[in-house]
Amino acid sequence: MNAQVTMAFTEWLAAACAIRPHLLVLEDLHWGDTLTVKLVDAALQACAEVPFMAMALARPEIRDQYPALWRRHGITEIVLQPLS
């Protein structure tokens with residue numbers, strides 16, 4: 001079932017991105033589940049040739065949960081300093 005959901009989502013997203021650019025925003029990813037992380041990884045792979053971007057916001061503990069989070073896709077990480 002997971003493979004079918006992944007295939008359906010990535011095919012739909014690739015078709016949508018062929019029409020216009022899309023941005024997927026994931027807020028509080030440190031509370032996210034592994035299946036969502038894997039689904040976004042598959043989407044980044046499937047949509048490498050179309051205008052698609054994923055932006056994930058998370059607390060620093062995300063590095064402990066997912067140490068290699070989407071590294072193979074050439075991510076750009078912006079670390080914000082704590083508020084005073």
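## Basis for the exposure classes

A residue is called exposed when its relative accessible area is over 50%, buried when that area is under 20%, and partly exposed in between. Arg72 has a relative accessibility of 57% and therefore counts as exposed. The model discussed here is predicted.

## Salt bridge between Arg72 and Asp41

Three salt bridges are found when the whole structure is searched. One of them joins the side chains of Arg72 and Asp41, with an N to O distance of 2.7 Å. Asp41 belongs to helix α2 (residues 34–46) and Arg72 to the segment after α3 (62–65), so this contact ties together parts that are 31 residues apart in sequence.

The two partners fall into opposite accessibility classes. Arg72, at 57%, is exposed, whereas Asp41 is buried, with a relative accessible area of 18%. The value for Asp41 lies under the 20% limit, which means that this residue is classed as buried.

## Network around Glu77

Salt bridges also link Arg63, Arg71 and Glu77 in a network. Within this network, the side chains of Arg63 and Glu77 meet at 2.8 Å, N to O. Arg63 is part of helix α3 and Glu77 of the segment after α3, so the pair ties together parts that are 14 residues apart in sequence. Glu77 also forms a salt bridge with Arg71, where the closest N and O atoms are 3.4 Å apart.

The members of the network are partly exposed: Arg63 has a relative accessibility of 39%, Glu77 has 41%, and Arg71 has 41%. Each of these values falls between the 20% and 50% limits, so none of the three residues is classed as buried or as exposed.

## Nonpolar surface patch

Apart from the charged pairs, the surface carries a nonpolar patch of about 440 Å². Leu23, Val25, Met53, Met55 and Leu57 make up this patch. Strands β1 (22–26) and β2 (52–56) each supply at least two of its residues. Met53, one of the patch residues, has its place in strand β2.

## Summary

The charged contacts comprise the pair Arg72 and Asp41 and the network of Arg63, Arg71 and Glu77. The Arg72 contact involves helix α2 and the segment after α3, and the Arg63–Glu77 contact involves helix α3 and the segment after it. The nonpolar patch, in turn, draws on strands β1 and β2.

How values were computed. Residues are numbered from 1 along each chain as its sequence is written. This is a predicted model: local features need pLDDT of at least 70, side-chain atom pairs count only at pLDDT 80 or more; totals for chains, interfaces and linings use all residues. Side-chain values use heavy atoms; hydrogens and water are left out. A salt bridge is a side-chain nitrogen of Lys or Arg within 4 Å of a carboxyl oxygen of Asp or Glu. Helices (H or I, at least four residues) and strands (E, at least two) are DSSP runs, numbered from the N terminus. Buried means under 20% relative accessible area, exposed over 50%, partly exposed in between (1.4 Å probe, protein chains only). Patches are made of residues with over 30% relative accessible area and no salt bridge: like charges are joined within 9 Å, nonpolar side chains (Val, Leu, Ile, Met, Phe, Trp, Tyr) within 5 Å. Accessible areas come from the Shrake-Rupley method with a 1.4 Å probe; for residues, only the protein chains shown count as cover.
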